[in-house]
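Got your viewer open? Load the structure below, get your selection tool ready, and follow along stop by stop.

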Amino acid sequence: QVQLVESGGGLVQAGGSLRLSCTASGLLSRSYTMGWFRQAPGKEREFVSVIPWSGRSTYYSDSVKGRFTVSTGVTRNTIDLQMSSLKPEDTAVYYCAVDTRLSSAGSDYYTHRGTYDYWGQGTQVTVSS
């Protein structure tokens, strides 16, 4: 059974930082894409960042580019999201997701929720003004 477990969410003041982590288990393949999405109250789930399965690139949404950094964790099945210069509009539940298809598509492919096969339960990030 595939499981994705996020950690590291919490309450932080605007301008502060948080680091999220996600650990995947139960995946049969050693190569897969891991990404982050977020969903604010009353809004649709939106793409945040991704490391495609090759590990040779990273992609970010325009709203977080320059403030967030995604990286593979200590183990290959972990992905981290370092969030800095946080803004109240970053408040959302942050979800980790996995795509098991070894696609050679461009960056736009990874921004769609339907691309991903598995999702975590999410971790709340609240940024106060």
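Start by selecting R67. In this predicted model, R67 has a relative accessible area of 13%, so it counts as buried, the cut-off being under 20%. Now add D90 to your selection. The side chains of these two residues meet in a salt bridge, with 2.7 Å from N to O. Trace the chain between them and you'll see that the pair links distant parts of it: R67 sits in the loop between β6 (59-60) and β7 (68-72), D90 is in the loop between β8 and β9, and they are 23 residues apart.

Stay on D90 for a moment. Is D90 buried or exposed? Its relative accessibility is 1%, so it counts as buried.

Next, select R38 as well. D90 forms a salt bridge with R38 too, and here the closest N and O atoms are 2.9 Å apart. This is another link between distant parts of the chain: R38 belongs to strand β4 (residues 33-39), 52 residues away from D90 in its loop between β8 and β9. Like D90, R38 is buried.

Which residues do salt bridges with shared partners join into one network? Add E46 to what you've got: the network is made of R38, E46, R67 and D90. A search of the whole structure turns up 8 salt bridges.

For another of these contacts, select K65 and D62. They form a salt bridge whose closest N and O atoms are 3.4 Å apart. D62 has 68% relative accessibility, so it counts as exposed.

Time for a strand. Select residues 18-25, which make up β3, and show the side chains. They alternate along the strand: L18, L20, C22 and A24 point to one face and are buried. R19, S21, T23 and S25 point to the other face and are not buried.

Keep β3 on screen and bring in its partners. Strand β1 (residues 3-7) runs antiparallel to β3, and 5 bridges join the two. Click on V5 and look across: its bridge partner in β3 is T23. Then select strand β8 (residues 78-83), which pairs with β3 in the antiparallel sense over 6 bridges. Here, M83 in β8 stands opposite L18.

For the last stop, move on to S85, in the loop between β8 and β9 (92-99). Check its backbone angles: phi is near 50°, a positive value in a residue other than glycine. With 41% relative accessibility, S85 counts as partly exposed.

Notes
Residues are numbered from 1 along each chain as its sequence is written. This is a predicted model: local features need pLDDT of at least 70, side-chain atom pairs count only at pLDDT 80 or more; totals for chains, interfaces and linings use all residues. Side-chain values use heavy atoms; hydrogens and water are left out. Buried means under 20% relative accessible area, exposed over 50%, partly exposed in between (1.4 Å probe, protein chains only). Helices (H or I, at least four residues) and strands (E, at least two) are DSSP runs, numbered from the N terminus. Two strands pair if DSSP finds at least two bridges between them. A salt bridge is a side-chain nitrogen of Lys or Arg within 4 Å of a carboxyl oxygen of Asp or Glu.
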